[in-house]
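Biologist: I'd like to go through this model with you, and I want a close look at one part of it. Here it is, so we're both on the same page.

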Amino acid sequence: MIVGFIGFGEVSSTLSNILSKNGVKTVTVVKGRSNKTQELAIKSNVQILDSYETLIKGSDIIISANSPFNAFKVAEKYADFIDDNIYIDLNNVSPDTTIKIANLFEKEQAIIEEDSKHKFFSKNIEKDLRNSFVDGAIIGKVSNNPPLILLSGSKAEDLAILNNYGLNVMVVSKIPGDVSTLKTLRSIYTKGVSALLMETVEIAKSFDLESQLFEILSMTEGEKFESKAKSRISNSYKNSKRKSEEIEEILNFLRNRFPNKKFIMTNASNKKFHSIKK
């Protein structure tokens, strides 16, 4: 089995190392990429190729993990090179963008049935509408051992084999977009919790009751709550700009789908992240 990576940042290098250790050949292209990307590739066991066309034609599975901004452009550029292999998009894009990407890979393939010697039993030519695109998302940290990867798409079940090579793959459905929708819903919840947690602790600090707050919350939320909460808060402040941009994208998606609904909590979370001084 050969797995090719388009983009070779933290996600791709982590997955590539796991697969390589379990006997899978991994390939990528670093021509024109940043020094950091090239260093990651050199430190990994991944084989470096000259072109993405070569990568796609020679790989059984292609994983796109570059950036949400480039996800559609990359898929559009290379969709025509996909044949019997599978293209997984692991970028953090909206469900609407996911569907647009999936449509790029929609190809009809004729299935020719053998003619019976009796015309009465002969079958018409049918069309195989299986799409080579698979919607994917890493849930939680990619550094988890192993990271949990959700997949949806008509060929998603074919990828369950990756569980034999060190990954933790869960097939959600055969419908592209289901996974990106689930990740969007999860993001609404986790960012909302983070925004509320930040504000609660900020108020507790103003009363000089931060340690006492964590003590009483830990009674109901669990003994590891304080360390996890502080890690969540630190990450939220550090990445507030990116998180605010992600919530904006989520809100745009929700408003397009449900124009008559008010998303009070999600808007409040967005305001909280947007208010943090960069």
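What is the relative accessible area of Glu199?

Modeller: Bear in mind that this is a predicted model. Glu199 has a relative accessible area of 40%, so it falls in the partly exposed class, which runs between the 20% cut-off for buried and the 50% cut-off for exposed.

Now for what Glu199 is doing there. Glu199 makes a salt bridge with Lys272, and the closest N and O atoms are 3.9 Å apart. That sits inside the 4 Å limit for a salt bridge. The pair joins distant parts of the chain, with Glu199 in helix α6 and Lys272 in helix α10, 73 residues apart. The two partners aren't in the same exposure class: Glu199 is partly exposed at 40%, while Lys272 is buried at 13%.

Both residues also turn up in the lining of the second largest pocket. That pocket holds about 210 Å³ of space. Besides Glu199 and Lys272, the lining includes Ile188, Tyr189, Gly192, Ala195 and Leu196, along with Met265, Thr266, Ala268 and Ser269. Helices α6 and α10 (264-275) each supply at least two of these residues, and α6 gives the most, with six. By class, the lining has six nonpolar, three polar and two charged residues.

Stay on helix α6 for a moment. Lys191, also on this helix, has a salt bridge of its own, with Glu246 at 2.9 Å from N to O. Lys191 lies in α6 and Glu246 in α9 (residues 240-257), so this pair ties together parts that are 55 residues apart in sequence. Both Lys191 and Glu246 are buried. The pairing doesn't stop at two residues either: Lys191, Arg242 and Glu246 are linked in a network of salt bridges.

Helix α9 has an internal pair as well. Glu245 bridges to Lys241, with 2.6 Å between the closest N and O atoms. These two are four residues apart in α9, about one turn of the helix. Glu245 is partly exposed, at 46% relative accessible area. In total, the count comes to seven salt bridges.

Helix α6 (178-206) shows up in another enclosed spot too, along with β8 (133-139): these are the elements that give two or more residues to the lining of the largest cavity. There are two cavities of 30 Å³ or more in the structure, and the largest has about 70 Å³ of space. Ser180, Lys183 and Thr184 are among its lining residues, as are Asp135, Gly136 and Ala137, plus the run Asp89, Leu90, Asn91, Asn92 and Val93. The lining of this cavity splits into three nonpolar, six polar and three charged residues.

The second largest cavity has another make-up, with nine nonpolar residues in its lining, no polar ones and no charged ones. Its volume is about 50 Å³, and the residues around it are Leu15, Ile63, Ile88, Leu90, Ile149, Leu151, Leu162, Leu167 and Val169. You'll spot Leu90 in this lining, and Leu90 is also part of the lining of the largest cavity.

On the outside, Val172, Leu182 and Leu185 make a nonpolar surface patch of about 240 Å². Val172 comes from strand β10 (residues 168-173). Val172 is partly exposed at 34% relative accessible area, so it passes the over 30% cut-off for joining a patch.

Two backbone details are worth a look while you have the structure open. After α6, in the loop between α6 and α7 (210-221), you'll find Asp208. Its phi is near 60°, a positive value in a residue other than glycine. Asp208 counts as exposed, at 65% relative accessibility. The other detail is the peptide bond from Asn145 to Pro146, which is cis with omega near -5°. Pro146 is in the loop between β8 and β9 (148-152).

For the overall setting, the protein has ten helices and ten strands, and its C-alpha atoms fill a box of roughly 85 × 50 × 35 Å along the principal axes. Of its 278 residues, 41% are buried. So, back to your residue: Glu199 is partly exposed at 40%, helps line the second largest pocket and is bridged to Lys272.

Note on methods:
Residues are numbered from 1 along each chain as its sequence is written. This is a predicted model: local features need pLDDT of at least 70, side-chain atom pairs count only at pLDDT 80 or more; totals for chains, interfaces and linings use all residues. Side-chain values use heavy atoms; hydrogens and water are left out. On a 1 Å grid over the protein atoms alone, a cavity is a set of points where a 1.4 Å probe fits but cannot get out, and a pocket is an open set with protein on both sides within 12 Å along at least five of seven lines; lining residues have an atom within 4 Å of a point. Grid points are joined across faces, edges and corners, and a volume is the space filled by probe spheres set on the points. Ala, Val, Leu, Ile, Met, Phe, Trp, Tyr, Cys and Pro count as nonpolar, Asp, Glu, Lys and Arg as charged, and the others, Gly among them, as polar. Patches are made of residues with over 30% relative accessible area and no salt bridge: like charges are joined within 9 Å, nonpolar side chains (Val, Leu, Ile, Met, Phe, Trp, Tyr) within 5 Å. Accessible areas come from the Shrake-Rupley method with a 1.4 Å probe; for residues, only the protein chains shown count as cover. A salt bridge is a side-chain nitrogen of Lys or Arg within 4 Å of a carboxyl oxygen of Asp or Glu. Buried means under 20% relative accessible area, exposed over 50%, partly exposed in between (1.4 Å probe, protein chains only).
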